[in-house]
Amino acid sequence: MLDRAAHPHTRAIIDAWRRLSSNADQNTADPKIEDFPNLLGSLFVLRHSEDGIWTFANAGKDIHNVIGRELLDHDFLKLWRGRDMSLVGAQLDAVRYGSAPGIIRGRAETLSGQVVEIEIALAPLRSPTTNADRILGLYQMLGGEGLLAGRPIWRHSVGAIFPPEAPREEPQLRLVASNE
């Protein structure tokens, strides 16, 4: 399902995550930042606090401009409507515990009712001191930015969630023989 990402930046982030997470040597050329203009401004990092809240540890300037406020230390789930908070929270947990990327597709709306389609890619970040308590995110509009006319996005709603793909475990067969 992750291969069906609509935005090219989403595909680039997921491919980069796969390359960096793979133990295999890959002879493919790394993409150049020039190939993906405006990508850095759409990136954010979420951190999971001890009380279970996912706050922004960092957010690109494009996200600040679109949402119209500073997001540092803001609860990511508070950007979503009531019933969607649970879905997004479950997606964050799936990415965290599944150790693989996931995607949220939805709608973003201004106070005056303008709506644009969005896509958010989420990928776990691991370090020697944390166990995926941080998630790299990419916030992309799927066209229609002009409809916003500079108005900030007020709320989000979920249209579809694509959780991490479950790892396939190969069946293992053991033969036990007893000569008793």
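I take contact to mean heavy atoms within 4.5 Å. The model I am reading is predicted.

**Entry 1: A123**

I looked up A123 and found its place in strand β4, residues 115–127. Leaving out residues up to four places away in sequence, I list W17, V95, P101, R134, I135 and L136 as touching A123. Is A123 buried or exposed? Its relative accessible area is 4%, and buried means under 20%, so I enter A123 as buried. I also checked A123 against G98: the two are 25 residues apart in sequence, and their C-alpha atoms are 10.0 Å apart in space.

**Entry 2: the chain overall**

I counted four helices and six strands in the protein chain. Their order along the sequence reads α-β-β-α-α-β-β-β-α-β. The protein chain has 180 residues, and buried residues make up 40% of them. I then took the contacts with a separation of 6 or more and noted that 57% of these join residues 24 or more positions apart.

**Entry 3: helix α3**

I checked the length of α3, which covers residues 82–98. With 17 residues at 1.5 Å a residue, the helix should span 24 Å; I read 25 Å between its end C-alpha atoms, which agrees.

Which residues of α3 are buried? I noted D84, V88, G89, Q91, L92, V95 and R96. Looking down the axis of α3, I find that these buried residues fall within an arc of 160 degrees, so they line one face of the helix. On the face turned away from that buried side I noted the exposed residues R83, S86 and Y97. V95, one of the buried residues of α3, is also among the contacts of A123.

**Entry 4: V158**

I found V158 in strand β6, residues 153–162. Setting aside neighbours within four places in sequence, I list W80, D84, L87, V88, I104, R105 and G106 as its contacts. Among them, D84 and V88 also appear in my list of buried residues in α3. I compared V158 with A108 as well: they are 50 residues apart along the chain, and their C-alpha atoms are separated by 9.0 Å.

**Entry 5: positive phi at D73 and S99**

I looked at two residues other than glycine that have a positive phi, D73 and S99. For D73 I read a phi near 70 degrees. D73 lies in the loop between α2 and α3, and its relative accessibility is 48%, so I count it as partly exposed.

For S99 I read a phi of about 55 degrees, just after α3. S99 sits in the loop between α3 and β3, the latter being residues 102–110. At 30% relative accessibility, S99 is also entered as partly exposed.

**Entry 6: the second largest pocket**

How much space lies in the second largest pocket? I noted about 190 Å³. Eleven residues line this pocket, and S42, D62, Q140, M141 and E145 lie nearest its centre. The elements giving two or more residues to the lining are α2 (61–67) and β5 (130–141). Sorted by class, I have four nonpolar, five polar and two charged residues in the lining.

Terms used
Residues numbered from 1 in each chain as written. Predicted model: local features only at pLDDT ≥ 70, side-chain atom pairs only at ≥ 80, totals over all residues. Heavy atoms only, no water. 1 Å grid on protein atoms, 1.4 Å probe; cavity = no way out; pocket = protein on both sides within 12 Å on 5 of 7 lines; lining within 4 Å. Points joined across faces, edges and corners; volume = space filled by probe spheres on them. Nonpolar A, V, L, I, M, F, W, Y, C, P; charged D, E, K, R; others polar. Expected span 1.5 Å × (residues − 1). Buried < 20%, exposed > 50% of the residue type's maximum accessible area, 1.4 Å probe, protein only. Arc of directions from axis to C-beta.
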